[in-house]
Amino acid sequence: MHIIRYADDIIVTGKNKEILLVIKEKIEEFLLKRGLVLNQKKTRIVNIQEGIDLLGFNLRRFPFRPRLNNYNGQDTVLIVKPSKKGIQKLKDRIIEATENEHRPIEAIIRELNPVLRG
(Lines give C-alpha, C1' and ligand atoms only; values in the text may rest on other atoms or scores of the structure.)
Protein backbone atom coordinates (compact mmCIF):
# COMPACT_ATOMS: atom_id res chain seq x y z
CA MET A 1 0.00 0.00 0.00
CA HIS A 2 1.18 3.52 -0.82
CA ILE A 3 -0.41 6.85 0.08
CA ILE A 4 0.04 9.96 -2.03
CA ARG A 5 -1.35 13.18 -0.56
CA TYR A 6 -1.38 16.76 -1.75
CA ALA A 7 -3.43 19.29 0.26
CA ASP A 8 -6.89 17.70 0.49
CA ASP A 9 -6.33 15.21 -2.36
CA ILE A 10 -5.27 11.66 -1.57
CA ILE A 11 -4.51 8.56 -3.58
CA VAL A 12 -4.16 5.16 -1.93
CA THR A 13 -2.70 2.32 -3.94
CA GLY A 14 -3.06 -1.35 -3.13
CA LYS A 15 -2.71 -4.80 -4.65
CA ASN A 16 -6.43 -5.52 -4.95
CA LYS A 17 -9.90 -4.06 -4.54
CA GLU A 18 -10.62 -5.90 -1.28
CA ILE A 19 -7.65 -4.30 0.47
CA LEU A 20 -8.67 -0.86 -0.83
CA LEU A 21 -12.24 -1.28 0.44
CA VAL A 22 -10.91 -2.02 3.94
CA ILE A 23 -8.55 0.98 3.74
CA LYS A 24 -11.43 3.19 2.58
CA GLU A 25 -13.43 2.20 5.69
CA LYS A 26 -10.41 3.02 7.91
CA ILE A 27 -10.00 6.42 6.25
CA GLU A 28 -13.71 7.15 6.74
CA GLU A 29 -13.41 6.25 10.46
CA PHE A 30 -10.28 8.41 10.79
CA LEU A 31 -11.99 11.40 9.19
CA LEU A 32 -15.24 10.94 11.13
CA LYS A 33 -13.37 11.16 14.46
CA ARG A 34 -12.16 14.56 13.31
CA GLY A 35 -15.56 15.80 12.16
CA LEU A 36 -14.82 15.29 8.46
CA VAL A 37 -16.55 13.22 5.80
CA LEU A 38 -15.09 11.51 2.73
CA ASN A 39 -16.66 12.95 -0.42
CA GLN A 40 -18.36 9.89 -1.97
CA LYS A 41 -18.83 11.63 -5.34
CA LYS A 42 -15.07 12.09 -5.70
CA THR A 43 -14.09 8.74 -4.18
CA ARG A 44 -13.41 5.94 -6.64
CA ILE A 45 -11.66 2.61 -6.63
CA VAL A 46 -10.15 2.04 -10.05
CA ASN A 47 -7.48 -0.06 -11.68
CA ILE A 48 -4.46 2.05 -12.64
CA GLN A 49 -4.83 0.72 -16.21
CA GLU A 50 -8.02 2.82 -16.39
CA GLY A 51 -6.08 5.88 -15.25
CA ILE A 52 -6.73 8.55 -12.63
CA ASP A 53 -6.74 12.33 -12.79
CA LEU A 54 -4.88 14.27 -10.11
CA LEU A 55 -3.98 17.97 -10.04
CA GLY A 56 -4.47 18.44 -13.78
CA PHE A 57 -2.57 15.29 -14.76
CA ASN A 58 -3.61 11.81 -15.83
CA LEU A 59 -1.70 8.86 -14.40
CA ARG A 60 -2.14 5.54 -16.15
CA ARG A 61 -0.26 2.26 -16.62
CA PHE A 62 0.18 0.99 -20.16
CA PRO A 63 1.60 -2.30 -21.42
CA PHE A 64 5.39 -2.28 -21.73
CA ARG A 65 6.56 -1.75 -25.32
CA PRO A 66 10.30 -2.29 -25.82
CA ARG A 67 10.56 0.13 -28.73
CA LEU A 68 9.01 2.98 -26.72
CA ASN A 69 9.87 2.35 -23.05
CA ASN A 70 13.04 1.65 -21.10
CA TYR A 71 12.96 -1.76 -19.45
CA ASN A 72 12.20 -1.48 -15.74
CA GLY A 73 11.54 -5.14 -14.94
CA GLN A 74 7.74 -4.70 -15.04
CA ASP A 75 5.24 -5.61 -17.74
CA THR A 76 3.67 -2.13 -17.59
CA VAL A 77 4.95 1.44 -17.61
CA LEU A 78 3.44 4.45 -15.81
CA ILE A 79 2.63 7.36 -18.14
CA VAL A 80 1.90 10.82 -16.69
CA LYS A 81 0.38 13.37 -19.04
CA PRO A 82 -1.90 16.41 -18.78
CA SER A 83 -5.54 15.47 -18.18
CA LYS A 84 -8.19 16.31 -20.77
CA LYS A 85 -9.86 18.59 -18.22
CA GLY A 86 -6.52 20.33 -17.52
CA ILE A 87 -5.87 20.87 -21.23
CA GLN A 88 -9.36 22.32 -21.74
CA LYS A 89 -8.90 24.65 -18.76
CA LEU A 90 -5.64 25.94 -20.27
CA LYS A 91 -7.28 26.45 -23.68
CA ASP A 92 -10.14 28.38 -22.03
CA ARG A 93 -7.65 30.67 -20.22
CA ILE A 94 -5.81 31.36 -23.50
CA ILE A 95 -9.06 32.11 -25.35
CA GLU A 96 -10.22 34.40 -22.53
CA ALA A 97 -6.93 36.32 -22.55
CA THR A 98 -6.84 36.74 -26.34
CA GLU A 99 -10.50 37.29 -27.28
CA ASN A 100 -10.31 41.10 -27.03
CA GLU A 101 -8.67 42.10 -30.36
CA HIS A 102 -7.97 45.65 -29.12
CA ARG A 103 -5.98 44.53 -26.08
CA PRO A 104 -2.23 45.30 -26.26
CA ILE A 105 -0.03 42.27 -26.92
CA GLU A 106 2.14 43.17 -23.90
CA ALA A 107 -0.86 42.79 -21.58
CA ILE A 108 -1.74 39.43 -23.11
CA ILE A 109 1.84 38.19 -22.72
CA ARG A 110 2.00 39.45 -19.12
CA GLU A 111 -1.22 37.55 -18.28
CA LEU A 112 -0.40 34.33 -20.14
CA ASN A 113 3.27 33.88 -19.15
CA PRO A 114 2.56 32.68 -15.58
CA VAL A 115 -0.25 30.43 -16.86
CA LEU A 116 1.97 28.78 -19.48
CA ARG A 117 4.88 28.40 -17.07
CA GLY A 118 2.60 26.71 -14.55
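**A short tour, from H1 to H3**

Start by selecting Leu21, which sits in helix H1, residues 17-33. Helices here are DSSP runs of H or I with at least four residues, numbered from the N terminus. This is a predicted model: local features need pLDDT of at least 70, side-chain atom pairs count only at pLDDT 80 or more, and totals for chains, interfaces and linings use all residues. Residues are numbered from 1 along each chain as its sequence is written, and side-chain values use heavy atoms, without hydrogens and water.

Leu21 has a relative accessible area of 38%, so Leu21 is partly exposed. That term covers values between buried (under 20%) and exposed (over 50%), with a 1.4 Å probe and protein chains only. Now add Ile45. Its C-alpha atom is 8.1 Å from that of Leu21, with the two positions 24 residues apart along the chain.

Next, select Phe30 and Arg34. Arg34 lies over the face of Phe30, 3.6 Å from the ring centre. Such a charge has NZ of Lys or CZ of Arg within 6 Å of the ring centre and within 35 degrees of the ring normal.

Move to helix H3, residues 105-117. The end C-alpha atoms of H3 are 18 Å apart, in agreement with the 18 Å expected for 13 residues at 1.5 Å a residue. That expected span is 1.5 Å times one less than the number of residues.

Color Ala107, Ile108 and Leu112: these are the buried residues of H3. Show helix H2 (84-98) too, as part of what covers them; contact means heavy atoms within 4.5 Å.

Finish at Gly118, which follows H3 and has a positive phi, near 85°.

Definitions and conventions: Helix = DSSP H or I, 4+ residues; strand = E, 2+ residues; numbered from the N terminus.
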